[in-house]
Amino acid sequence: MQPRPGDPAPRGYTRITGSLGRRMILIAAAWITLLLAGGGFALDRVLTGAITRNFDTQLEYLLTSMIVSAEIDPNGEVAFNRALGDQRFLEPYSGLYWQVSGKGVDMFASRSLWDRRLDTARTHIDQELHTYDSRQFEQQLRVVERDVRLPGSPIRWRFQVAETREVLDAQIAALRKTLVRSFVLLAAGLIVMAALQTWYGLLPLRKLRLAIHRLRTGESPRIEGAMPAEVAPMVEELNALVAHNDKQAEEARRHAGNLAHALKTPLTVIMNAATAQSDDLPTTVVREARTMRRQVDHHLARARAVGRRGSAHSRAPVWLSVDSVERAVSRLYPHVRIDTDGPRDLVAHIERQDLDEIMGNLVENAAKYGGGSVFVTVGVEAGFVEIMIEDDGAGIPEADRIRIFDRGVRLDTGKPGTGLGLAIVRDVAEIYDGTVTLEESEDLGGLLVRLQLPAATG
């Protein structure tokens with residue numbers, strides 16, 4: 001059941017706002033209809049005007065023929081020296097008429113007018129051809145007229161030719177009928193084409209939906225297959241998101257393993273003391289509980305670092321962390337000399353407390369396992385803030401420099417520790433897309449730890 005309007009959507013429910021395909025087809029249909037209606041109207045105006053002009057040209061030809069053949073007879077009336085060629089002038093009410101009229105004289109009209117006469121409207125003078133529509137004889141007439149003075153006559157004669165609009169209106173109606181049918185058929189074809197184009201254009205999205213379904217059900221580890229240029233970036237982002245989630249799941253498993261490993265030893269100590277009913281059992285429980293509490297706090301801080309790593313505002317001034325760690329370690333190991341060098345304005349893309357934790361582990365290890373001298377150098381390398389921690393201790397054999405990052409591995413078991421320091425340093429550095437490597441120090445002869453973190457921009 002869908003939620004009512006205004007109610008919050010239930011968990012897992014996606015609110016549907018309509019179909020993209022339907023929207024695209026409706027927009028295309030509306031635009032096609034608008035364009036064809038405008039184009040059809042313009043074409044109708046053009047063609048109707050052309051048909052009307054052709055009709056008027058025939059009337060103007062007849063009127064010109066009348067004027068050219070007209071002359072004044074001895075009685076002072078208008079006569080034609082040759083007959084007008086159209087037979088309809090002789091048929092009563094044929095629909096084609098002519099008339100010659102003058103002020104103060106009887107009208108001279110075609111036989112087709114029979115007992116009717118055309119309106120002359122003497123309120124104006126038509127020195128040029130004048131064409132207009134007139135409603136006479138219960139017919140719509142198209143009239144062409146002109147006022148002319150004939151040689152030998154002082155009268156201004158008005159020559160008129162009129163024809164019913166039935167033929168003209170029939171031609172215009174046939175034209176419009178053809179236009180409407182053609183444009184409706186064209187609109188239907190274009191809308192169908194737009195629908196097919198929309199269906200074909202959205203086909204990659206349907207394929208993408210099926211690919212995501214296979215990804216969700218575990219049938220495929222990622223979205224594969226060729227995609228259009230518009231969809232490919234989204235597919236790449238989805239694959240990157242899947243890879244990111246897989247990486248986070250792996251980090252969570254590793255993090256749980258680190259925590260379990262860190263808690264296993266204190267729990268074993270407590271269980272052994274309890275089984276043996278040791279006299280110092282309360283002291284042992286308190287001590288080991290504190291150790292476990294530190295481990296839990298530490299891993300919770302690391303878990304928070306995973307959540308913070310995507311923030312674009314993660315910025316930490318490197319030198320502040322170097323100074324802070326140097327002071328803390330100097331109090332723990334007062335016999336160790338710690339020297340620092342490098343620019344003081346570098347900022348790394350990492351949270352301050354995570355940088356403090358990394359630096360604290362590395363510098364403390366250098367002080368603990370070195371021979372009394374530690375050197376910290378800060379610099380920039382290819383968009384990364386590079387921090388090198390060197391000591392004058394025995395170093396780490398090259399064969400063990402990778403294994404030492406595994407959780408719980410300790411090369412020197414004679415000193416206290418959990419074997420998690422370097423493993424957590426590596427994990428937190430990788431959370432921020434950084435790296436940590438172990439090398440041999442050329443200057444001090446001991447271990448060189450090279451830590452690289454992305455430099456903050458902006």
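This passage walks through two groups of strands and the helices that pack on one of them, as seen in a predicted model.

A good place to start is strand 6, which spans residues 139-149 and is mostly covered, with eight of its 11 residues buried. On one side of the pairing, strand 5 (residues 130-136) joins strand 6 in the antiparallel sense over seven bridges. Strand 6 also pairs with strand 7 (residues 156-164), again antiparallel, this time over nine bridges. Arg 142 of strand 6 helps to tie the picture together: Asp 133 is its bridge partner, and Glu 163 in strand 7 stands opposite Arg 142 as well. The turns are worth a look too. Two residues separate strand 5 from strand 6 in their hairpin, where Phe 137 takes a positive phi near 55 degrees. The hairpin of strand 6 and strand 7 has six residues between the strands, and there Gly 152 has a positive phi near 85 degrees.

Further along the chain, five strands form an open sheet with mixed pairing, in the order 9-11-12-14-13. Strand 9 (337-341) and strand 13 (435-440) each have a single partner strand, so one side of each is left without a neighbour in the sheet. From one strand to the next, the twist averages 20 degrees. Within this sheet, strand 11 (residues 373-381) and strand 12 (residues 384-391) are antiparallel partners over eight bridges, and Val 378 stands opposite Ile 387 of strand 12.

Helix 6 (residues 318-332) packs on this sheet, touching strands 9, 11 and 12, and its direction makes about 175 degrees with that of strand 9. Helix 7 (residues 352-369) lies across strands 9, 11, 12 and 14, running at about 25 degrees to strand 12.

Key:
Residues are numbered from 1 along each chain as its sequence is written. This is a predicted model: local features need pLDDT of at least 70, side-chain atom pairs count only at pLDDT 80 or more; totals for chains, interfaces and linings use all residues. Side-chain values use heavy atoms; hydrogens and water are left out. Two strands pair if DSSP finds at least two bridges between them. Helices (H or I, at least four residues) and strands (E, at least two) are DSSP runs, numbered from the N terminus. Axes are lines fitted to C-alpha atoms, for helices over the stretch in contact, and angles run from 0 to 180 degrees between N-to-C directions. Contact means heavy atoms within 4.5 Å. Buried means under 20% relative accessible area, exposed over 50%, partly exposed in between (1.4 Å probe, protein chains only).
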